[in-house]
Amino acid sequence: MKAILYNHNPESSQLIRDIRRLERDVLRMGALVEKSFRLSHQALFAGDLTASKELPKIDRKIDRFYKQIELDCTLILTHQSPTERDLRCLSAFMQLVRDLERIGDYAEDLGDIAVKLFSYPPHPLMPEIAMMSHHAQAMLATSLVALADLDEANGRNIKQLDDAVDNAYERVYNALAQQRDVPGLLEPFLLLGLAIRCLERMADHATNIGQRVAYIVTGQRS
């Protein structure tokens, strides 16, 4: 990650070390969240139930990072003397890890949905839902690259990528809602509705991460 800190006097070396450690932990947490998203995709679209079993283990690791990073940010805020830019960084980190934690939760939810859908025939809309997942995963990856590079423009541009996910959500939702004379059980249709909602929210949280990166760099909220 590019250095967030600048113009510190020698007495602030401990603060510099602490925030750089936080940066590394946030990116490690982000890598775990990316892995959980990939596994949820495998479970849902490839019927890989082994992948779904891995998700709770990864989610516990994500939650540990989340709690530790929040605690570390709080300790820095209360026991050190961060500059205005440091405060922006710490504030953004505390919000950003919440977005990551929620994406991890939704990935675990998708794994549960995959298990319940496994016994049903694939729905014709699955390819379009899979594209939603690919788009949302790309958004998460882009947001983490923006964070690592402190790339304000890349962070803000994620919002444009979110439009593709939102549009797909509307198409799939409407197609599911307008189906008539559905044979058999309604459960697979309800599960697909939950799945696209999870993906739509994951994309929204990825967008939030990009906006928080822009805030770190500029101090301006969108």
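Helices here are DSSP runs of H or I with at least four residues, numbered from the N terminus. The model is predicted.

**Exercise 1.** Describe the secondary structure and the extent of the chain.

Solution.
- Step 1: count the elements. The chain holds 6 helices and 0 strands.
- Step 2: put them in sequence order, which gives α-α-α-α-α-α.
- Step 3: take the extent. The C-alpha trace spans about 70 × 35 × 20 Å along its principal axes.

**Exercise 2.** Find which residues form the positive surface patch, and which elements supply them.

Solution.
- Step 1: list the members. The patch is made up of K35, R38, R60, K61 and R64.
- Step 2: assign elements. Two or more residues each come from α1 (13-46) and α2 (49-79).
- Step 3: find the main contributor. Helix α2 gives the largest share, 3 residues.

**Exercise 3.** Place K61 in the fold and classify it as buried, partly exposed or exposed.

Solution.
- Step 1: locate the residue. K61 is part of helix α2.
- Step 2: recall the cut-offs. Buried is under 20% relative accessible area and exposed is over 50%, with partly exposed in between.
- Step 3: apply them. K61 has 42% relative accessibility, so K61 counts as partly exposed.

**Exercise 4.** Summarise burial, contacts and charge for the whole chain.

Solution.
- Step 1: burial. Of the 222 residues, 47% are buried.
- Step 2: surface. About 11100 Å² is exposed, and carbon and sulfur atoms supply 52% of this area.
- Step 3: contacts. Of those between residues at least 6 apart in sequence, 83% join residues at least 24 apart.
- Step 4: charge. The chain has 27 positive and 31 negative charges, and their mean positions are 4 Å apart.

How values were computed
Residues are numbered from 1 along each chain as its sequence is written. This is a predicted model: local features need pLDDT of at least 70, side-chain atom pairs count only at pLDDT 80 or more; totals for chains, interfaces and linings use all residues. Side-chain values use heavy atoms; hydrogens and water are left out. Patches are made of residues with over 30% relative accessible area and no salt bridge: like charges are joined within 9 Å, nonpolar side chains (Val, Leu, Ile, Met, Phe, Trp, Tyr) within 5 Å. Accessible areas come from the Shrake-Rupley method with a 1.4 Å probe; for residues, only the protein chains shown count as cover. A salt bridge is a side-chain nitrogen of Lys or Arg within 4 Å of a carboxyl oxygen of Asp or Glu. Lys and Arg count as positive and Asp and Glu as negative; His and the chain ends are not counted. The place of a charge is taken as NZ of Lys, CZ of Arg, CG of Asp or CD of Glu. Buried means under 20% relative accessible area, exposed over 50%, partly exposed in between (1.4 Å probe, protein chains only). Contact means heavy atoms within 4.5 Å.
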